[in-house]
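Q: I am new to this structure and would like a close look at a single part of it. Could you walk me through that part and then show how the rest fits around it?

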Amino acid sequence: MTATVSFRLYVAGEAPHSRRAVHNLNAFCERLTPEDYRIEIIDLFADPARALDDKVLLTPTLVVTVEGGSERRIVGNLTDLSGLADVMTRGTDRS
Amino acid sequence: MTVNAAPASVPAIDKEPTGIRGLDEVMRGGLPRGRTTLVEGGPGCGKTVLALQTLVNGAMQQGAPGIFVAFEESSLRILANAGTFGWDLASLQREKLFFLDAQPDPGLIRSGGFDLGGMLAALEVKIRALGARRIVFDALDMVLDLFDDPQLARQETYRLHEWLIRNELTAIITAKAGTKLGHRLIEGLEFLEFMVDCSVLLRHDVVEGISQRNLRIGKFRGSSFEENAIPFGIGARGIEVAYGGEAQLDRLPASTERLSSGVERLDTMLEGGYLRGAGILLTGSPGTAKTTLAGAFAQAACQRGEQTLFVTLDSPEQEVVRNLASVGIDLTPHVASGKLVFKSSRSSTASAELHLMRIRDWARQHHIRCLVVDPVSALGKSGNRGLAHNVIERLVDWAKLEGITFLCTSLLDGDSATVEGSSVQISTLADTWIHLNYVVRSGERNRALSIIKSRGTGHSNQVRELLLSRDGITLADVYTAGGEVLMGTLRWEREEEARQAEAERAHEARRERERLADEAARIERQIDALRRELGAKRETIGRLDSGASQITADAARTVMIRTRMRLGDQADGLSEDLA
């Protein structure tokens, strides 16, 4: 049984890596049950102050929060999604 | 392409001063405005300090706001370290300086390619808000390391560079050059050197235990620059680069004021004393009273009411004061009043560069007019070998610029040609060079002083004997024999001879005087006697005259009568004959 996961993806507008990341994240989430996750996309070009506030300097950055667990960050366009899967599993165990 | 000397037709590029003493001169003005400068060097070379100091100076001296992006050390650590330099960052931080912590998370998981877009977006906000034109990326290599693919790292760096140019920022990027293969940037970052318009290479070597730092301009597009590696130090107030100031020496007026050396007869030999603002060098073997003469100078300066700094290298203050007291030079009241500032430092603990900085700081702090460094040759020991001459030269130049009269002593290693700090070279810097040595004659060692040179002064070129006693220092009178100045026992003998001769002459004179007085008295008595005789005789004559005239008269009449009678007889006879 998976807990609710929240994905917060910080992107740099339409930059290539950021677009890739959006695409890859969506692809990954297709395999999940809709109720089990939330995606929030934050465009730092549109809202640059968030970068300082949330301490996100590299883009794209994906912040994964598993409910009841801690935050994990993954930087990159998410080509290799095994890491993401890892995070989610570990996130579960840490409840 | 780098041009070392910009052709006359190309306009000089705009520069932003770093405000770091000596560095702006090395760079002929400062950093290239609106361009990127790379500061590279190994760990602990001073890259962060240099970058931060530039930013701080810009904010303090020109009110220029700046942003510091910290990729390695946290901004808290950097601020704490900067506090030791006395920079008031707290107030600057409120309005002029912004520190961004951008240290990569050690637990960062990477998946695929990424860029610095977020950071640049954030920075643009800050730049607008502050109106900043200056930015520092400290330890950019930390970020570039995150890119597994060097190609990506390069790409991202070029993007960064373009962003900097687009935003017209004067930027400093610091990066580590750390491979043991001498001086090379970590592999993959060499493109940084090619990309930037200006690069500053910092080095930090430890030579025989002494830390020596130097910097060199690797390249500077569109500008001339100092090509040599220049020593620098990180002192109490930040980085200071050992460069510059020579050009200003031309406009110094030469003083004609004379300062006492503390030894009256030496002043006489120097036509009044040392010239104000001069550099005076005292050389000699150990024990030849160099420190004593230096102390005499210091004392004289304090007695004139002038702030004096006495820097003793390798001898503790108490020892120096005590030794000077034994020859009648008491410095304690001057130390107590604050006129004399004593500083002692072990030459082996720091680079010559650092000593120079310290001496300048103390001098400024106490507004000194007279400076003594004893012995300056200690700056050339061990790990500082070869550097001392340059440091001493700059010390002499700086003292002249400040109008400080500078006296230094230098140890000569016996009679050997290789001397500590090479006194021969130092002597060319000095205006007055006094040499002290021992003269060995007739089984004795006596101290001798000679003025080898003194610019701007006619000076006696005699070798004089230096005498030390509880009452002070003085130079002995000159006694010569056979063309040589006599010293020690020979001199004393000669002095004795002279004294004896003088005594004898006096005695003789006295006797002669007595004799003549006797003579005179005798003659006086004779004269008296003769006078009396004369008087008596005159009296007799007088009596005789009066008696004599009577007799004469009688005699004359008698003679006349007789003569008449005779003549009458004769006449009668004749007439008888005739009849």
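Which residue does Phe232(B) stand opposite in β12(B)?

A: Happy to help! Please keep in mind that this is a predicted model. Phe232(B) stands opposite Val241(B), a residue of β12(B).

Let us look at the two strands around that pair. Strand β11 of chain B covers residues 230–235, and 4 bridges join this strand to β12(B), the two running antiparallel. Another of the pairings links Gly233(B) with Glu240(B), its bridge partner in β12(B). Between β11(B) and β12(B) there are 2 residues, and the two strands form a hairpin.

Now turn to the other neighbour of β11(B). Strand β10 of chain B, residues 210–220, is joined to β11(B) by 3 bridges, and this pair also runs antiparallel. Here Leu215(B) has Ile230(B) of β11(B) as its bridge partner. As a general point, strands of a sheet pair through backbone hydrogen bonds, and they can do so in parallel or antiparallel fashion.

Stepping back, these strands belong to an open sheet of 9 strands in chain B, with the order β5-β4-β7-β8-β3-β9-β10-β11-β12 and mixed pairing. The edges of this sheet are β5 (97–101) and β12 (238–241) of chain B; each has a single partner strand, so one side of each is left without a neighbour in the sheet. From one strand to the next, the twist averages 20 degrees. A helix packs on this sheet too: α7 of chain B, residues 150–166, touches β3 (36–41), β7 (134–138) and β8 (170–176) of chain B. The direction of α7(B) makes about 165 degrees with that of β7(B).

Next comes the meeting of the two chains. In chain B, 23 residues are in contact with 25 residues of chain A. Together the chains bury about 1900 Å² between them, with 66% of that on carbon and sulfur atoms. On the chain B side, Ile109(B), Ser111(B) and Asp115(B) lose the most area to chain A, together 32% of what that side buries. Between the chains, 10 residue pairs are in polar contact, while the rule for salt bridges finds 0 across this interface.

Which elements of chain B take part? At least two residues each come from β5, β6 (109–110) and α5 (117–130) of chain B. Of the elements on this side, α5(B) gives the most, with 7 residues. Sorted by class, the side of chain B that touches chain A has 13 nonpolar, 6 polar and 4 charged residues.

Strand pairing crosses between the chains as well. Strand β4 of chain A, residues 71–75, is joined to β6(B) by 2 bridges, and these two strands run parallel. In this pairing, Ile74(A) stands opposite Ile109(B) of β6(B), and Ile109(B) is one of the residues that lose the most area to chain A.

Finally, here are a few backbone details to look for. In chain A, the peptide bond from Thr59(A) to Pro60(A) is cis, with omega near 0 degrees. Pro60(A) lies in the loop between α2 (49–53) and β3 (61–66) of chain A. Lys55(A) is also found in the loop between α2 and β3 of chain A; its phi is near 55 degrees, a positive value in a residue other than glycine. In chain B, a cis peptide bond joins Asp374(B) and Pro375(B), with omega about -15 degrees. Pro375(B) sits in the loop between β18 (370–374) and α14 (388–402) of chain B.

Notes
Residues are numbered from 1 along each chain as its sequence is written. Chains are lettered from A and ligands numbered from 1 in the order in which they are written. This is a predicted model: local features need pLDDT of at least 70, side-chain atom pairs count only at pLDDT 80 or more; totals for chains, interfaces and linings use all residues. Side-chain values use heavy atoms; hydrogens and water are left out. Two strands pair if DSSP finds at least two bridges between them. Helices (H or I, at least four residues) and strands (E, at least two) are DSSP runs, numbered from the N terminus. Axes are lines fitted to C-alpha atoms, for helices over the stretch in contact, and angles run from 0 to 180 degrees between N-to-C directions. Contact means heavy atoms within 4.5 Å. Buried area is the accessible area (1.4 Å probe) that two parts lose on being put together, summed over both. A salt bridge is a side-chain nitrogen of Lys or Arg within 4 Å of a carboxyl oxygen of Asp or Glu. A polar contact is a pair of N or O atoms within 3.5 Å; within protein, one must be able to donate a hydrogen and the other to accept it, and residues adjacent in sequence count only if both atoms are side-chain atoms. Ala, Val, Leu, Ile, Met, Phe, Trp, Tyr, Cys and Pro count as nonpolar, Asp, Glu, Lys and Arg as charged, and the others, Gly among them, as polar.
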